[in-house]
Amino acid sequence: KFSVNIHRGCFGGCAFCTISAHQGKFITCRSKESILKEVRQVIEMPDFKGNLSDLGGPSANMYGMGGRNKKACEKCTRPSCINPQICPNLNTDHSKLIDIYRSVDALPGIRRSYIGSGVRYDLLLYRSKDENANRAAAEYTRELIERHVSGRLKVAPEHVADNVLRQMRKPPFQQFRDFKRLFDRINGECGLHQQIIPYFISSHPGCHEEDMAELAVITKDLDFHLEQVQDFTPTPMTISTEAWYTGYDPYTLEPVFSAKTQEEKLRQRQYFFWYKPEMRRDIERSLRALGRGDLIAKLWNNTQQRPALDMTRHKSQQAKNKNGNNRTTDNRERPKGQKRRPYRNDR
Ligand code: SF4
């Protein structure tokens, strides 16, 4: 209700996403005047308390970006301007976006403008030949973290395994690690205690159960208890769905594995929730079956391994979980009735 859309389109080209199919690869931006006009209308709304929940679009930080040489873009057939590498023709200057944020914040009646849309950290980390664009990216990153995070910043690494990330057309996981380090450093410098909330997908084409086991170990090492997760759902008009349906990568015609049965999908999904006591026995048993018993000690800090449960109980426990196909905020780790702890910017 209190969010303002500032652009349409996305040049990310993520293989599982339909945005570029129905909004296009080229970014269409609203003018600054148009955005400010809508923000003024929001300010006039009777129950508005001064906090905008989002100034964004399909991604938070593509506003004002596009190819420098438009003629080259007209002939271009790349599905993504930023994967597998950022196109040297792409202007990644964040200056216009900084100007929008600051102009909105300067309006009487605005206390804070938050960014609820997902941030493309690969654009923030990219070093182009244009030093002004690099400076603006650094300035934007600091502005975003200092002033526009409502306690939790959403980003979408989607997986940790680079073979799966390539299939998804997402950047290597090392970039997420680099961004997290930067986020934590700026938070520390500003005396803030904000969190990154990473999004992940299980059962994407190319993702094997072992990749999910690695995901559990790596996200544990990074101190995450995952909440925002999704099991892959085939969506029309995406490359991922084509690979899922045909079993082949449509570009290389190489065979691609996809988890398809409910059992396979639930087995992948369970690794997101390694930290829940009720999931431990199932995961331990799956890891032994995979021949990755070595990961048990990594997940539970060398604590004594438990004997595996019998299969009947294993299946019925998993079948009871009805959230198998949706990205979901899973709050079951909190005791019943206990509210989440307040974040710095909660009002
Ligand atoms: S030339 Fe580069 S910036 Fe232009 S559409 Fe192609 S990939 Fe994108």
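This passage looks at two helix pairs and a ligand site in a predicted model.

Two packed helices can be described with just two values, the angle between their axes and the distance between those axes. Take helix H6, residues 131-147, and helix H8, residues 173-190: their axes sit 10 Å apart and make an angle of about 60°. That angle makes H6 oblique to H8. As for handedness, H6 and H8 cross in a right-handed way. On the H6 side, Thr141, Arg142, Ile145 and Glu146 make the contact, while H8 brings in Phe179, Leu182, Phe183, Arg185, Ile186, Asn187, Glu189 and Cys190. Sorted by class, the residues in this contact of H6 with H8 come out as six nonpolar, four charged and two polar.

H6 also packs against helix H4, which covers residues 95-105. Here the angle is about 30° and the axes are 9 Å apart. The crossing of H4 and H6 is left-handed. H4 contributes Ser95, Leu97, Ile98, Tyr101, Arg102 and Asp105 to the contact, and from H6 come Ala136, Glu139, Tyr140, Glu143 and Arg147. Five of the residues in the contact of H4 with H6 are nonpolar, five are charged and one is polar.

Now for the ligand. Around the ligand are four cysteines, Cys73, Cys76, Cys81 and Cys87, along with Lys25, Phe26, Gly67, Arg78 and Asn89. By class, this shell around the ligand holds five nonpolar residues, two polar ones and two charged ones. Lys25 and Arg78 are the charged pair, and Gly67 and Asn89 count as polar.

Conventions. Residues numbered from 1 in each chain as written. Predicted model: local features only at pLDDT ≥ 70, side-chain atom pairs only at ≥ 80, totals over all residues. Heavy atoms only, no water. Axes fitted to C-alpha atoms, helices over the stretch in contact; angles between N-to-C directions. Helix = DSSP H or I, 4+ residues; strand = E, 2+ residues; numbered from the N terminus. Parallel < 35°, antiparallel > 145°, perpendicular 65-115°, else oblique. Left-handed = near helix turned anticlockwise from the far one by under 90°. Contact = heavy atoms within 4.5 Å. Near = heavy atom within 4 Å.
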